[in-house]
Amino acid sequence: MEAAHAHESGTGHEHAHHRAGIMRWVTTTNHKDIGTMYLWFSFVMFMVGGVMALIVRAELFQPGLQYVQPEFFNQMITLHGLIMVFGAIMPAFVGFANWMIPLMIGAPDMAFARMNNWSFWLLPVAAILLIASMFVTGGAAGTGWTLYAPLSIQMGIGMDLTIFAVHILGMSSIMGSINIATTILNLRAPGMTLMKMPMFCWTWLITAFLLIATMPVLAGAVTMTLTDRHFGTSFFNAAGGGDPVLFQHIFWFFGHPEVYIIALPAFGVVSQVIPAYARKPLFGYASMVYATASIAIISFFVWAHHMYVVGMPVAGQIYFMYATVLIAVPTAVKVFNWVATMWRGALTFETPMLFCVGFLFLFTVGGFTGLILAMTAVDVQVQDTYYVVAHFHYVMVAGALFSAFGAVYFWIPKWTGHLYDERLGKLHFWLSFISFNVTFFPQHFLGLAGMPRRIPDYALQFADWNAVSSAGAFVFGFSQLLFLYVVLKTIRGGEKAEARPWDGAQGLEWTVPSPAPYHTFQEAPTLR
């Protein structure tokens, strides 16, 4: 069974080995192949979005206009945001889900294998549309990734390509989510109850419901924008009696749960990695499940904290302020549980653990700045400054990206049969960790001093910290090439991985009595 499983998984794959070469990847319905394609696609998009970020940081290295025109600068900022969120981070976690969830719950494959293939192949189409928007008349949409009206109604044809790309990305996400939820609910091995599942499966089950609930809302917002642009409607066009603020309400009703769509699978990864290197079961498993569900539910009730300056009534501001503070409670429960898992554990700090501890520290910093931004009076001062940019990069890059790196290092022995180069992995972590902080920590100072975001030129008093930030960004960007090298080197060969490569790390044996490791170990017993 294991030997067969290495190549083929699930039903209908008997003839898979006959389809050699490229068609094997185009037509595959194997969850491992599709997971691999998701991960490679997300890495390519991560590099493309990263180059756009470096163009932005190069322009901001010193005051004045150096390299690009303001319109192109805004296009880079817009595409960087859209590509990183929809093209890099989300597909990466869907890739982990495809690879690992069937193995974790003892399923033969994903529930809808052909739909799985289709939901992947929609992504390159959307990516081509997004990147092509740079080359049409007027260039890409220069609205910021939030696509705010009325600006998005006045943009050129690049905006239409962006709208279609968002629709296709949404279709892909909804199909992937239906697949993941159905797999988890219907294909678990006998004895694998919901409350015995690894945390990664729980976070993805809850994320799938978030995606199914919010993606149609975003589709509605961009469709209304499209009809305002071409069919004479006035949803967001004030000249025709529409309301531009309505767009913000609809967008952020999607946009805030979206932040947790990105963060929850990351929480799941951290909940797998930390117990493995602490050699203890996850502390407070049930409370982690309930905290994850609470975060998902509350995330629907806080959307307008992005909109304190639109002229909201004071009662509305107060409600959204308190609701936003409330969401910090289940998040703090999770952080407490991770720390308690490490407490008095037999800790070792291999690369995956380093990335997860780095995640824990930086995500907590991002959480605190989020609490600060939740305060209406503070937010009015720092709205649309670099303080907000610093905050969400601490949550997104340190939150999602660091845990994704941790996940790759953690699971790559399982995927390839080889151990990665530990020395290079640690070098990648320290380069990323230090350069990330050099890049984004000074942006808090810039924001508090009043530097607006999405502006290619700035006053002289912001020059020093911008130079520091840009230098950090280039180091961070180029250190990801080291990650690519480590992954390629591992795929090509190296030390053979044991069946459970992390058990005996640093000479320590697993001491937890059964069945506790079910919450921490990666693969459920499958039926023979």
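This tour moves from the whole chain to one helix and then to a handful of loop and helix residues.

The model is predicted, so local features are taken at pLDDT of at least 70 and side-chain atom pairs only at pLDDT 80 or more, while totals for chains, interfaces and linings use all residues. Residues are numbered from 1 along each chain as its sequence is written, and side-chain values use heavy atoms, with hydrogens and water left out.

**The whole chain**

Begin with the full protein in cartoon view, where 16 helices and zero strands appear; here helices (H or I, at least four residues) and strands (E, at least two) are DSSP runs, numbered from the N terminus. Along its principal axes the C-alpha trace spans about 65 × 50 × 45 Å. The radius of gyration is 23 Å, which agrees with the value near 24 Å that a compact globule of 528 residues would have; this radius is taken over C-alpha atoms, and the globule rule is 2.2 Å times the number of residues to the power 0.38.

Next, colour by accessibility: buried residues make up 57% of the 528 residues, where buried means under 20% relative accessible area, exposed over 50%, and partly exposed in between (1.4 Å probe, protein chains only). With the surface switched on, the accessible area comes to about 21100 Å², of which 71% belongs to carbon and sulfur atoms; such areas come from the Shrake-Rupley method with a 1.4 Å probe, and for residues only the protein chains shown count as cover. Among contacts (heavy atoms within 4.5 Å) between residues at least 6 apart in sequence, 82% join residues at least 24 apart.

Selecting the charged side chains gives 22 positive and 23 negative ones, the centres of the two sets lying 9 Å apart. In that count Lys and Arg are positive and Asp and Glu negative, with His and the chain ends not counted, and each charge is placed at NZ of Lys, CZ of Arg, CG of Asp or CD of Glu.

**Helix α10**

Now select residues 285-298, which form helix α10, a run of 14 residues reaching 20 Å from its first C-alpha to its last. That reach is close to the 20 Å expected at 1.5 Å a residue, the expected span being 1.5 Å times one less than the number of residues. Show the side chains of Tyr285, Met288, Val289, Ala291, Thr292, Ile295, Ala296 and Ile298, which are buried. An α-helix has 3.6 residues a turn, so residues three or four places apart point the same way. To see what the buried residues of α10 pack against, add α8 (199-230), α9 (244-278) and α11 (314-342) to the selection.

Step back along the chain to proline 281, in the loop between α9 and α10, which counts as partly exposed at 27% relative accessibility. A distance drawn from its C-alpha to that of glycine 345, 64 residues apart along the chain, reads 9.7 Å.

**The loop between α5 and α6**

Move to leucine 147, in the loop between α5 and α6, where phi is positive at about 55 degrees although the residue is not a glycine. Leucine 147 is buried, with a relative accessible area of 2%. In the loop between α5 (113-132) and α6 (151-154), select proline 150; a cis peptide bond joins alanine 149 to this proline, with omega about 5 degrees.

Glutamine 154 lies in helix α6 and counts as exposed at 60% relative accessibility. Its C-alpha is separated by 11 Å from that of glycine 138, 16 residues apart along the chain.

**Around α13**

The last stop opens with alanine 377 in helix α13, exposed at 63% relative accessibility. The C-alpha atoms of alanine 377 and phenylalanine 445, 68 residues apart along the chain, are separated by 18 Å. Finish at aspartate 384, in the loop between α13 (376-382) and α14 (386-416). Aspartate 384 has a positive phi of about 60 degrees although it is not a glycine, and with a relative accessible area of 36% aspartate 384 is partly exposed.
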